Amino acid sequence: MTRNQTYLWYGARRLLQAGVVIVLAYALTFVVISVLPGDPVSNTLRNPQNGFSEEEIDRIVAYYGLDQPVLVQLWDAFARFVVGDLGVSLRSNLPVSRLIGEALPSTLALAGTALVIAVVLAFLVAYGTQRLPRRWGQGALRAFPSLFLSVPNFVIGMLLLQYFAFQLGVFNVIDPESGAATFFAALALGIPVSAQLAEVLIAGFDHESRQEYATVARSRGLTETGLLTRHLLRPASLPVVTVLAITIGELLGGAVITEAVFGRAGIGSLVQRSVATQDLPVLQAVVALAAVVFVVVNLVADLSYPLLDPRVKRTARWSRAPRSAERAGPASPADASTVQRKESIA
Amino acid sequence: MTHPFSRTLRRRFIAVSGGTAAIALLAGCAGGSSGSDASAPQEGGDLTFLIDSLGDTWVPNNGSISSFQGHIFDHITDKLVYVDENGQASPWIAESWEQNDAATEFTLDLRDDATFSDGSPLDAEAVVANLDAWAFGDPENGINPIGLFPKTYEQAEAVDEQTVRVEFSAPTLGFIPTLGYHGSILVSPETLELPVEEQADLDNIVGSGPFVVDSWKEADNVVLTKRDDYDWNPEAFDREGPANLDSLTYKQVAESATRTGAVQSGQAHVAYNVTPKELAGLEQQGFTIGLPQYLGFVEGLRLNARIAPFDDVKVRQAFQHGIDREDLLSTVYTDGWAAAESFIQSNVPEATDHSEAFAYDPERAEQLLDEAGWTPGADGVREKDGKRLEVTLYSNPYIVTGAAVDELIAQQLGRIGFDVSIESYDVVTYGERVIANADLSNYPVSRSFVDAGTVASILTDENNGEDWFGVGTSDETLTRLQDEIAQATDADTRAAALDELQAYVLEQAYFIPRTQMVQRIYAQSPDVDGVTYNALAYANYTGAWLND
């Protein structure tokens, strides 16, 4: 097989895997929530305060198809899902596509901004640890990641709100989608995430700067700045890309708290409400969406390694890639594929 | 959307300074502006209300009984009658009403000038369509009946354009007050025709209220704008014409501290459901604290007289007298909470003072337990036939103070020999494990009603009743009183029966009152004037205005 054919074969397998992951996630969510007792419709109706008769309750439960056997309900949901119909929320009675359509832009803006902030912060901190004189700044900077990680993001959020919104009036909670409000919410969300990235990046710099090629470059009279930007940055970024892929999941998860603190209505708060009310159709759709995001992000991460480090292109065999890609799926630890990459580089 | 609030924000903009200093400064400004308090109503203005949740669904019939949506529905819809905070029903869309002697047939005379915001008339046909929808729902379209509507409803007919006759299968004295309940909102017949998915879109809910929906986003905000041709305020409001305010914005902010911070910094006018602990500070800063009581039951426990140890009246009475309610008020709450005088709230017209029956008396409580055969064991917990006097309390998840109240009560009862444990659940789990479980020894109660007749439907298991005390129809006095209340055809007879019932239930210690119920807490900027609270403790801003 030529290299291109192998690459296509790899791409096709990855796509197929992605499809399977999404379908399984969809079905699994259904099963997990179906084994829980009750559903939001009958929960409301059976509240004794309403005093509804069994017959009244049965007719409404039947309207939602909740009287059908679980497998029939799963099949119905599935048949709709395949043609792109996400169903109707049992809690709000609104189409699920509308709920997600309204919540998604807010979360994308928040998570996207947070990601940029996290990456920029991480690079600044890591760069500082390499360039600042050892005696003072460096030690302090090296403590930054653990400091940032240990402060919960709602504390950071409350502090930002108190100072920038309530005292300075830079933004207000009535209009949480404004640029300024989004920036500060993203800061609260991005700071803990940047800590992880910085940690990995610092380790990367430290590791690369001890390599022979770095010593050689230094001996040729290259300045430290030149060495960092021209030689060390790209290989040191490699593990960051893997961590980044996992980080995106963390941004979506952390969004629940940040959204609550900043009064934003996004996917996080939608999930929170849907879990609280066992709103199955919404949860299924969100899980499927999350699966899509993870699969795409991991694919992009895998495909970007060769761009960051030419040595990967030279030594990595595409036929090997799917194995590491499997490990980089939603539930796998980041390091697995990083280690794999390191090995193939070495 | 361009935010209506930016003007106020600019006015209130404060320079960088230390946190407390800034807030003190702000409070100073706010206090100053409220100096001109007696000012005349002002036209215009945009009010922002921060709410912890916008509830689950906008389908009027499918919302829960005590709902966040009531705040919005109260402004975009009208009701047939207005029920004030004292439980008095007065004319609104129904200008007057009559009933037959048996209280089974009611005739409503409607005003002739009210219209829905789509231009269609609010006439007898529309009222009949609404009555049917409340009573029967539309199960084939996923629409529930409304819970509190009298089950005795048979039918309604439009006699002419302004007259509606309503028939019941049994005496239904509670019918008129029920029309002021927040579920009984009048919407256009076209709205009622819509399937559930479309009624769930607030844009499709067409009412006849002083405001109309301008825009909304699920779980985020609802913006209402005033309706210029509105001129059918409830008689009780004693005002004519449209609202003073141009718009009302309900913005969901889930985090309590954020709501408080936003009103303190002038970013919003009203913070809803702040915690009792925050109230003193807000009051010092000049905020108006609204703690309206709604009509209903006090916050307390109903005991299951079928389940040990509460199957013994003496143990129930010991429980009753073992609780120091003054201690509850001073420890958990603020001055805004009042002591219970009965098991229904004091503002219910039929409420009578029976506080003697449940006064704090630890000595009597211990004596009752001695008489019942429960003797103190080695660790202070009483025992009888080798069993310990154990009780589990299930904290009320609907009120912020639920668990704190239980902890204090556990200590108080521990002193007289009870071993009290506490279980706390979230709302959903609570629904599964507590509400739906008939075998627990006690249940917390925090429930509103608009008419004391409701009491009759819950005491026993007659007519699909809730059987609150687990005694079924075995308690003859209870059953007799329930029947007297349900079948009463005039208010005085019913009030007498209700008085007897309150005395009996409390003496039997079937119900353990704790404090009067305040479930809706408002912290309001001093700039806001002219707010009214109705029977369900919802704040109404139709007559409100903003002082500059």
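Of the contacts in chain A with a separation of 6 or more, 74% are between residues 24 or more positions apart. Keep in mind that this is a predicted model. Chain A has 15 helices and zero strands, and 49% of its 346 residues are buried. Below, we look at the surface of chain A, then at a helix in chain B, and then at some charged pairs.

**The outside of chain A**
- Chain A exposes about 16100 Å², and carbon and sulfur atoms supply 68% of that.
- A:F154, A:V155, A:L159 and A:I257 make up a nonpolar patch on the surface, with about 350 Å² of accessible area together.
- Helix α7 (residues 153-167) of chain A gives the patch its largest share, three residues.
- A:V155 sits in helix α7 of chain A, and it counts as partly exposed because its relative accessibility is 30%.

**A two-sided helix in chain B**
- Helix α11 (residues 325-332) of chain B has these buried residues: B:R325, B:L328, B:L329 and B:V332.
- Look down the axis of α11(B) and its buried residues fall within an arc of 105°, so they line one face of the helix.
- Here's the general idea: an α-helix has 3.6 residues a turn, so residues three or four places apart point the same way.
- Over on the other side of α11(B), B:E326 and B:S330 are exposed.
- What do the buried residues of α11(B) pack against? They pack against α9 (276-284), α10 (313-321), α13 (402-415) and β20 (511-515) of chain B.
- B:D324 caps the N-terminal end of α11(B), with a side-chain oxygen 3.3 Å from the backbone nitrogen of B:E326.

**Charged pairs**
- Side chains of opposite charge can pair when their charged atoms come close.
- Over all chains, the count comes to 31 salt bridges.
- B:R382 forms a salt bridge with B:E366, and their closest N and O atoms are 2.8 Å apart. That pair links distant parts of the chain, with B:R382 in strand β15 (residues 382-384) and B:E366 in helix α12 (residues 362-371) of chain B, 16 residues apart.
- B:D370 also forms a salt bridge with B:R382, at 2.7 Å between the closest N and O atoms. B:D370 lies in helix α12 of chain B, twelve residues from B:R382.
- Buried or exposed: which is B:R382? B:R382 is buried, with a relative accessible area of 2%, whereas B:E366 is partly exposed at 32% and B:D370 is partly exposed at 44%.
- Salt bridges also link A:R91, A:R273, B:D56 and B:E218 in a network.

Note on methods. Residues numbered from 1 in each chain as written. Chains lettered and ligands numbered in written order. Predicted model: local features only at pLDDT ≥ 70, side-chain atom pairs only at ≥ 80, totals over all residues. Heavy atoms only, no water. Patch = residues over 30% accessible without salt bridge, like charges linked within 9 Å, V, L, I, M, F, W, Y side chains within 5 Å. Areas by Shrake-Rupley, 256 points an atom, 1.4 Å probe, with all protein chains shown as cover. Salt bridge = Lys/Arg side-chain N within 4 Å of Asp/Glu carboxyl O. Helix = DSSP H or I, 4+ residues; strand = E, 2+ residues; numbered from the N terminus. Buried < 20%, exposed > 50% of the residue type's maximum accessible area, 1.4 Å probe, protein only. Contact = heavy atoms within 4.5 Å. Arc of directions from axis to C-beta. Polar contact = N/O pair within 3.5 Å; in protein donor to acceptor, adjacent residues only side chain to side chain.
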